[in-house]
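Subject: A structure for you to look through

Hi,

Here is the structure I promised to pass on. Have a look at it first, and then read my notes below with the viewer open.

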Amino acid sequence: MDRLIEAIESKQNPSVVGLDPTEALVPAQVVASFADEIAEQVEDPSEAPAMQLSVAFFEFNRAIIDAVADIVPAVKPQIAMYEALGPAGIDAYAMTCEYARQQGLYVLGDVKRGDIGSTAAAYAHHLSGVATGEIPFDPWHEDAVTVNPYLGTDGITPFVEAATAADKDIFVLVRTSNPSSSELQELKLASGERVYEHVADLVEGWGGETIGRDGYSRVGAVVGATHPEEGKALRTRMPHTFFLVPGYGAQGGTAQGVAGMFDKDGSGALVNSSRGIIGAWKRSGGYSESMSADDALELVAESARTAAKDMRDDLRAVLP
C-alpha cells in the first residue's frame, strides 16, 4: 500500500471518488450530444444506444477527474456499470482508468472477482496485465482491485502473487456496507467469533509477507462505513491491513463514524463516496434541461469539486 499511502499524504486527504455512472446520473443533454456521431459509426443501429451511453460515461468521468484530481488521491470505477453496456462499456472503463492514471491518481478497480486456480490467475491479469506477446501491456490501468474471499485461500493467492509481482494491491471484502451482509457476515462460528471476524484474521494473514515500509500489507480489507463500531474493532484486530471504507454519505456513513477505522496517526483507511460526489450536480439547484451539454458538464465538474472538498474537510476535522 506504499504508493496509495504516498498519494493520500500528498493530498492530505484519505478519500476516493467512486466512478459509478448510470444513465440517471449523466445529464441527458450530454448523452444526447453524441447521438449523431455514434449513428455514423455503427453498422447495427441496435448497438448505438449502448455505444452512445458509453461515450457519455467517459466524458462524464473525465469532467469529474479533471475537477477533483488536485483534491483526492484516488478514484474507484465500478466495472459493473460499464460491463452492462457490453464491449463499448468495457472500453469506457479502461479509458477512464487510463485517464485517471494520466492525471496522477491511484486507480482502484472495483471488480469484486472471486474464483480459484487458473481462473483466479486469469482474473488477476487485471493487475499483471497481458503478456501473451513479446511485449507485455496493461490494458486495465488499475493499481488495485477488489476481491471476494468466499472461496478461501485458493481464491486469494493468485491475486496476492500478481499484486506482488506488479507492485499493486488488492482489497478483500470483510464487513460490507449493504444491509443484508449480516445474513452471512454476522453468523456466529463454533469458536464464538463472527464470520467477518474470521475473514478479517485470514486477510491479515494473507498479507503477512507483503508488509511495506509504512506497516501495511498489499492485502487490504473492505469495511463499510455503516458499521462504525465493528470497523473500530477491526482496526485493532488488523494492524497491518489497510481499509477501503465504502458507504460514506449517500449510504449513511459519516466522518465521525469512520474515524475509528484509522490508526493513531490518521492513516490506514481510504473512504469512498460515489453518488455523493458524482451526483452532486443533481442537488446543486443549478441544472436546467435547456443547458447545453458543455454547460451541463461544467456544472457536474463544479459540483463534484465542491462535494470532494467538503468530504475532505469533514475527514480532516476528525483525524489527528
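Let me begin with a term: two strands count as paired if DSSP finds at least two bridges between them. By that rule, E1 and strand E8 (residues 269-273) are a pair, running in the parallel sense over 3 bridges. Please keep in mind that this is a predicted model.

**The barrel**

Which order do the strands of the barrel follow? There are 8 strands, and they close up in the order E1-E2-E3-E4-E5-E6-E7-E8, with parallel pairing. From one strand to the next, the twist averages 30°. Helix H6 (residues 87-102) packs on the sheet and touches strand E1 (15-19), strand E2 (74-77) and strand E3 (106-113). The direction of H6 makes about 150° with that of E3.

As background, strands of a sheet pair through backbone hydrogen bonds, and they may do this in a parallel or an antiparallel way.

E1 is a good strand to start with. On the E8 side, valine 16 has asparagine 272 as its bridge partner. E1 also pairs with E2, again in the parallel sense, over 4 bridges, and there leucine 19 has proline 77 as its bridge partner.

Is E1 mostly covered or mostly open? It is mostly covered, with 5 of its 5 residues buried. In a regular strand, side chains alternate between the two faces of the sheet. You can follow this in E1: Ser15, Val17 and Leu19 point one way, while Val16 and Gly18 point the other way, and all are buried.

Further along the chain, strand E6 (residues 219-223) and strand E7 (residues 243-245) pair in the parallel sense over 2 bridges. Here alanine 221 stands opposite phenylalanine 243 in E7.

**The nonpolar cores**

The largest nonpolar core has 86 residues. Val17, Ile64, Ile170, Val203 and Phe243 are those with the most contacts inside it. Try selecting valine 203: leaving aside neighbours within four places in sequence, this residue is in contact with Val172, Val174, Val219, Gly220, Ala221, Met238 and Thr241. There is also a second, separate core of 16 residues, which includes Met1, Ile5, Ile8 and Ala144.

**Aromatic rings**

How many aromatic pairs does a search of the whole structure find? The search finds 6. In one pair, tryptophan 281 and tyrosine 287, the ring centres are 5.1 Å apart and the planes are at 65°, so the pair is edge-to-face; planes over 60 degrees apart get that label. Tryptophan 281 is buried, because its relative accessibility is 4% and the cut-off for buried is under 20%. Tyrosine 287, at 29%, counts as partly exposed. Elsewhere, ring pairs link Phe57, Tyr82, Tyr93 and Trp140 into a cluster.

**Two residues with positive phi**

Most residues other than glycine have a negative phi, and I found two exceptions to show you.

- Glutamine 12 has a positive phi of about 50° although it is not a glycine. Glutamine 12 lies in the loop between helix H1 (2-11) and E1, and is exposed, with a relative accessible area of 52%.
- Aspartate 167 has a positive phi of about 60° and is not a glycine either. The loop that holds aspartate 167 runs between helix H9 (153-166) and strand E5 (169-175). With a relative accessible area of 37%, aspartate 167 is partly exposed.

**Two residues in helices**

Lysine 11 is found in helix H1. Which residues does lysine 11 contact, leaving aside its neighbours within four places in sequence? They are Ala69, Asp70, Ile71, Val72, Pro73, Leu105 and Arg316.

Serine 54 sits in helix H4 (residues 48-68) and counts as buried, at 2% relative accessibility. Not counting residues up to four places away in sequence, serine 54 touches Leu85, Ala88, Gly89 and Ala92.

**What the record says**

UniProt, in an unreviewed entry, lists residues 52-290 as "domain: Orotidine 5'-phosphate decarboxylase". In the model, this span is 41% helix and 15% strand, and its end C-alpha atoms lie 20 Å apart.

Enjoy exploring, and write back with any questions.

Best wishes

Technical notes: Residues numbered from 1 in each chain as written. Predicted model: local features only at pLDDT ≥ 70, side-chain atom pairs only at ≥ 80, totals over all residues. Heavy atoms only, no water. Core = buried A, V, L, I, M, F, W, Y, C linked by side-chain atoms within 4.5 Å. Buried < 20%, exposed > 50% of the residue type's maximum accessible area, 1.4 Å probe, protein only. Contact = heavy atoms within 4.5 Å. UniProt positions renumbered as here; feature names shortened; annotations may be inferred. Axes fitted to C-alpha atoms, helices over the stretch in contact; angles between N-to-C directions. Phe/Tyr/Trp six-rings, centres within 6.5 Å; stacked < 30°, edge-to-face > 60°.
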